[in-house]
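Hi,

Here is the structure I promised to pass on. Have a look at it first, and then read on for what turned up.

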Amino acid sequence: MKTCSSCGSGTNDYVTFKCPSCGKETVIRCAACRKNNTRYICKCGFRGP
Ligand SMILES: [Zn+2]
Ligand SMILES: [Zn+2]
């Protein structure tokens, strides 16, 4: 179980990827947010779809 970076919910169906801006933080997105293209905000301040 991971916490989605977009909606903050716990999820077992998610993808993880590195922030394209800082390349350090790992962004976690649940299936619902992926589908809805919900924005995520990285710790570095980057916001992306
Ligand atoms: Zn989510
Ligand atoms: Zn970042």
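Let's start with the cysteines: how many disulfides does the count come to? Zero, going by the rule that two cysteine sulfur atoms must lie within 2.5 Å of each other. Keep in mind that this is a predicted model. The mean pLDDT of the chain is 94, and 100% of the residues reach 70 or more. Of the elements, β2 has the highest mean pLDDT, at 97, and β6 the lowest, at 88.

**The overall layout**

The chain has six strands and one helix. Reading from the N terminus, you go through the elements in the order β-β-β-β-α-β-β. The C-alpha trace spans about 25 × 20 × 15 Å along its principal axes. There are 49 residues in the chain, and 22% of them count as buried. About 3400 Å² of the chain is exposed, with 45% of that supplied by carbon and sulfur atoms. If you take the contacts between residues at least 6 apart in sequence, 22% of them join residues at least 24 apart.

**The first zinc site**

Now back to cysteines. Which residues are the protein donors of the zinc ion (ligand 1)? They are Cys 4, Cys 7, Cys 30 and Cys 33, each using its SG atom, and they lie 2.2 to 2.3 Å from the ion. The angles among the four donor atoms run from 104 to 115°, and the site of ligand 1 is tetrahedral. Along the chain, the donors of ligand 1 follow the spacing C-x2-C-x22-C-x2-C. Cys 7 sits in the loop between β1 (2-3) and β2 (10-11), while Cys 30 belongs to strand β4 (residues 26-30), so this pair ties together parts that are 23 residues apart in sequence.

Are these donors buried or exposed? Cys 4 has 3% relative accessibility and counts as buried. Cys 30, at 7%, counts as buried too. Cys 7 is partly exposed, with a relative accessible area of 39%.

Cys 30 also has company from other parts of the chain. Leaving out residues up to four places away in sequence, Cys 30 touches Cys 4, Cys 7, Thr 11, Asp 13 and Tyr 14. Two of the names there, Cys 4 and Cys 7, are also donors of ligand 1.

**The second zinc site**

What coordinates the zinc ion (ligand 2)? Here the SG atoms of Cys 19, Cys 22, Cys 42 and Cys 44 do the job, at 2.3 Å. The site of ligand 2 is tetrahedral, with angles of 103 to 118° among its four donor atoms. The spacing of the ligand 2 donors along the chain is C-x2-C-x19-C-x1-C. Cys 19 is in the loop between β3 (14-18) and β4, and Cys 42 is in the loop between β5 (40-41) and β6 (47-48), so the pair ties together parts that are 23 residues apart in sequence. Cys 19 counts as buried, at 2% relative accessibility, and Cys 42 counts as buried at 7%.

**Two more residues to click on**

Try Tyr 40 next, which lies in strand β5. Tyr 40 counts as buried because its relative accessibility is 2%, and the cut-off is under 20%. Setting aside its neighbours within four places in sequence, Tyr 40 is in contact with quite a list of residues, including Ser 5, Phe 17, Pro 20, Val 27, Arg 29, Phe 46 and Pro 49. From Tyr 40 to Thr 26, the C-alpha atoms are 11 Å apart in space, with their places 14 residues apart in sequence. The C-alpha atoms of Tyr 40 and Cys 30 are also separated by 11 Å, with the two residues 10 apart along the chain.

Then go to Ile 28, which you'll find in strand β4. At 13% relative accessibility, Ile 28 counts as buried. Not counting residues up to four places away in sequence, Ile 28 touches Lys 2, Thr 3, Cys 4, Ser 5, Ser 6, Tyr 14, Val 15 and Thr 16. Its C-alpha is 8.6 Å from that of Tyr 40, and the two are 12 residues apart in sequence.

Cheers

Technical notes: Residues numbered from 1 in each chain as written. Chains lettered and ligands numbered in written order. Predicted model: local features only at pLDDT ≥ 70, side-chain atom pairs only at ≥ 80, totals over all residues. Heavy atoms only, no water. Donors = N, O, S within 2.8 Å, 3.2 Å for Na, K, Ca; no water. Tetrahedral: all angles 85-135°; square planar, octahedral: opposite > 155°, others 65-115°. Helix = DSSP H or I, 4+ residues; strand = E, 2+ residues; numbered from the N terminus. Buried < 20%, exposed > 50% of the residue type's maximum accessible area, 1.4 Å probe, protein only. Contact = heavy atoms within 4.5 Å. pLDDT = per-residue confidence, 0-100. Areas by Shrake-Rupley, 256 points an atom, 1.4 Å probe, with all protein chains shown as cover.
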